[in-house]
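Hi everyone, thanks for squeezing me in. Have a look at the model on the screen, and then I'll talk you through some strand pairing.

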Amino acid sequence: MATLELIHVVKKFGDFTAINDISLRVEEGEFVTLLGPSGCGKSTLLNMISGLEDVTQGEIQMNGKVVNQLGPYERDVAMVFQNYALYPHMTVEENIGFSMRLRKRPKDEISNRVKGVATMLELGHLLHRLPRELSGGQQQRVAIGRAVIREPSIFLFDEPFSNLDAALRVKTRGEIKELHQRLGVTSIFVTHDQEEALSLSDNIAVLSTGKLEQHGSPEEIYSKPATKYVARFIGSPQMDMFSGDFLMIDGIPVYHIGDAEVPLPKKIIPPTQPVDMGVRPEFVMLGTKGFQASVRLVQPVGPFTYVTVDWTGGSVTARVNGVSHLKVKESLQVEFDPEGILFFDRETEKRRDL
Amino acid sequence: MAHNRRYLNRFFIRLALVTFTMLALGPVLWGVVTSLFPLSSLTSQPPDLNPANITLENYLLVFDTSRGLFSGLINSFIIALFTSAVALAVGSAAAYALARLNMPGRNLILMTILATQMFPGIVIAIPLFLVMSRLDLVDTHFGLIMVYLSFILPIVIWILKGFFESVPMELERATAVDGASPLQTFQFIVLPISLPPLFATGVFAFIETWNEFFFAIILTRINVKTVPIAIAEFSGQYTTLYGQMLASAVLASIPVVILAIIFRRFILEGFVEGAIKA
């Protein structure tokens, strides 16, 4: 187990800056996810941590020691690749045991350890199969087995679920979480899937085009996004954003969105710079209080129904428990729960607590 | 209607395939038949193909040392073997470098390699002969191997480069994370998964060299006559020993046919499949 620290890390490919001054600390045994859309540099950052990609500027430290110059193996990291990268000509047993074979461990030691790992990952009956004879989920477990047998200081996962179908993805996610709880090894996980990030991680680092937007616990990232970017990226359906204006009506602060007036708690002091307002669907209430709107779209998703309503100059999506009997064009009233209202500086896009 | 049309389509496709096969195999069949009859049956008008006349005498006669078939087989074998071995050794290294290393001038090198293939043989035949005779390399194994290498190597490099590019980069990254040195990566991963394509390419080079006639006839005299030349020499100024000529041709084809069968199996074997889940 190890701590990992990135200190002002930069990666350039020619003139292109892939990673722009990222600093991040990962504690011993922590499960951290690098989350961002494709092209944000999260895989590059993972490859830099692994030692497969060198660092242009800055330092990577493991257990307080600089590892910039060390190769992947010397860093004692193990990696699960997006497409698994199983050795096609080797059986499951040989794939899992390959790193031990390289270290010239005795045959029966290798065989015992491989069997142990394979049993843990429910691969015991597949030891003599070739990768091409396995299902996607099984191949994935072999890739994990190859990493587990190393007993590394840090596990690195590069989008390991992206080739699995939805059902298997959720199942494997649970398995990875259990594995981490059991082994307690520091883990860095790369994904573009917010649900994976939220469900697996102790902490999430949200990246956008080579920059670190926010680093925090899943709750923080979800309910206190540091920037508009994070607010929009996390949560499905997306947080609705409004570019409105503050007004004081009878000593009460009100945020104007088109025709609608959203009353806010008295303690809020309207700022001098313009701010945007954001609200998630679960904080939008439909009923008989608030401003007037009409239903545009009703989307049931099982436990909830997402209802999108329109008014002159705005639209918002609300989450309704269970099945909704609202009809399109039906008119109703909309209220925002002040607890869930967030403000973002229009210029800097940073969150502002008013 | 659509049903009928599909059957009709299938019928025409099969007819075309049968026609093509007959056109391709007809001469081969005629060659085998010819090799089994004595010259007298073949030269009579019309040819007397009475099965009672079938004999293996042609096959026994062609191994008469003065006919040069036996030494031709040995020469061809030496030349084809060396050419394909060197082509593989040099070609695979070059192809791996061209596929994996991001070196300056990579495209220029690739296009230059390809450009060597653009001249018809006849264009370079005379200058090549002059150079080879100045270097005293006419009628030597070494000379012919060098000439064949210059034709085979570019093709080998292009074929293998395509293969190496199809090997996923992640495999090499995975070995690096597992703690393998570049040499170990080559030994345990790259080499084993490359064996089928290497073998197939080697067989291809061997067959090409084995069958080559044009440069062999220009660049050999007595010592290094290859099989195609030996076969051609059954056609003399006054007589052509059809039976023996075709018996030799049948014998010379056997290694090629065997290799072609193996070649086909290896080409079809998608060994890298399963490495990566796409």
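Let's go straight to the open sheet of five strands in chain A, with antiparallel pairing and the order 16-20-17-18-19. This is a predicted model, where local features need pLDDT of at least 70, side-chain atom pairs count only at pLDDT 80 or more, and totals for chains, interfaces and linings use all residues. Residues are numbered from 1 along each chain as its sequence is written, chains are lettered from A and ligands numbered from 1 in the order in which they are written, and side-chain values use heavy atoms, leaving out hydrogens and water.

For the terms: strands are DSSP runs of E, at least two residues, numbered from the N terminus, and two of them pair if DSSP finds at least two bridges between them.

So which strands stand at the edges? In chain A they are strand 16 (284-287) and strand 19 (314-321); each has a single partner strand, so one side of each is left without a neighbour in the sheet. From one strand to the next, the twist averages 45° (axes are lines fitted to C-alpha atoms, and angles run from 0 to 180 degrees between N-to-C directions).

Strand 19 of chain A pairs antiparallel with strand 18 of chain A, residues 304-311, over eight bridges. There, A:Trp311 has A:Gly314 as its bridge partner.

Now to another part of chain A. Strand 1 (residues 4-13) and strand 4 (residues 57-62) of chain A run antiparallel, joined by five bridges, and A:Glu5 is partnered with A:Gln61. Strand 4 of chain A also pairs antiparallel with strand 5 of chain A, residues 65-66, through two bridges. One bridge partners A:Met62 with A:Lys65. These two strands of chain A form a hairpin with two residues between them, and A:Asn63 in the turn has a positive phi of about 50°.

Note on methods: Helices (H or I, at least four residues) and strands (E, at least two) are DSSP runs, numbered from the N terminus.
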